[in-house]
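Visitor: I should like to go through this model with you, beginning with the surroundings of the ligand. Please take each point in turn.

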Amino acid sequence: MDAIILTTERLQLRKMRNDDVNHLMEIFSDPEAMKYYPSTKSEKEALEWVNWTLDNYRNYGVGLWIVEDKQTGEFLGQCGMVLQKIDGAVEMEIGYLFARRAWGKGFATEAALACKKYGFETLKLPKLVSLIDPDNSPSIKVAERIGMTVEKKIHKWKKDVLVYSVCK
Ligand SMILES: CC(C)(COP(=O)(O)OP(=O)(O)OC[C@H]1O[C@@H](n2cnc3c(N)ncnc32)[C@H](O)[C@@H]1OP(=O)(O)O)[C@@H](O)C(=O)NCCC(=O)NCCS
């Protein structure tokens, strides 16, 4: 099926659709999962998120993808590539947000590693980044497990953010 972008040992990453709003709400309505975002999101905001993602597919050929269990198709989270402006330059970020029931199983690292391979081998990018709140240690651990190291601290989204990066 052409909606599948990447597969790993346990996961498949497929294109997001409008009817994923319900899936996304499991993450967006959870204050624990949204701890390092400005707030939880409403259904209307989730639909805006899907539309932003569909625009990213159209404009840049990449965006966040839906992560599912490869065997069962169960929704687990989202992971993918998003363009970010950092100190005036445009960089490609690997982003990941998973449902809380899917934490602690290595899924985010497995999905992010597949995105890293895609970024370097298919898109031929020289560098990938992740922008992370300094207190978000689970996210920092994912970045470190895929080989990223902290490059600098920037001010973005009205707060301090660490730029983790890895070069090819
Ligand atoms: C960031 C986030 C995806 C990290 O999730 P996570 O479950 O900690 O990360 P992983 O999926 O890589 O799982 C790693 C953990 O699973 C454990 N694990 C269990 N079984 C495993 C397996 N088969 N393979 C690998 N790891 C396994 C690892 O030991 C590790 O545990 P540890 O961190 O206690 O050492 C999650 O916290 C999240 O969705 N947060 C909300 C959104 C968010 O903040 N996103 C980041 C924005 S920058």
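Visitor: Which helix gives the most to the shell around the ligand?

Guide: The model is a predicted one. Strand 5 (89-98), helix 3 (107-122) and helix 4 (137-145) each supply at least two residues of that shell. With five residues, the element that gives the most is helix 4.

Visitor: How many residues of the shell around the ligand are nonpolar, polar and charged?

Guide: The ligand is surrounded by 20 residues, and among those that come nearest are Tyr-96 and Phe-98. By class, four residues of the shell are charged, five are polar and the nonpolar ones number eleven.

Visitor: Which side chain has an N or O atom 2.9 Å from an oxygen atom of the ligand?

Guide: Two other polar contacts use backbone N or O atoms: that of Tyr-96 lies 2.8 Å from a ligand nitrogen, and that of Lys-105 lies 3.2 Å from a ligand oxygen. The side chain with an N or O atom at 2.9 Å from a ligand oxygen is that of Asn-136.

Visitor: What share of the ligand's area does the protein bury?

Guide: The ligand sits in the largest pocket. Taken alone, the ligand exposes 960 Å², and the share of this that the protein buries is 68%.

Visitor: Is Asp-87 buried or exposed?

Guide: Asp-87 is placed in the loop between strand 4 (75-86) and strand 5. The cut-off for an exposed residue is over 50% relative accessible area. Because its relative accessibility is 60%, Asp-87 counts as exposed.

Technical notes
Residues numbered from 1 in each chain as written. Predicted model: local features only at pLDDT ≥ 70, side-chain atom pairs only at ≥ 80, totals over all residues. Heavy atoms only, no water. Near = heavy atom within 4 Å. Polar contact = N/O pair within 3.5 Å; in protein donor to acceptor, adjacent residues only side chain to side chain. Areas by Shrake-Rupley, 256 points an atom, 1.4 Å probe, with all protein chains shown as cover. 1 Å grid on protein atoms, 1.4 Å probe; cavity = no way out; pocket = protein on both sides within 12 Å on 5 of 7 lines; lining within 4 Å. Sits in = over half its atoms within 2 Å of the grid points. Helix = DSSP H or I, 4+ residues; strand = E, 2+ residues; numbered from the N terminus. Nonpolar A, V, L, I, M, F, W, Y, C, P; charged D, E, K, R; others polar. Buried < 20%, exposed > 50% of the residue type's maximum accessible area, 1.4 Å probe, protein only.
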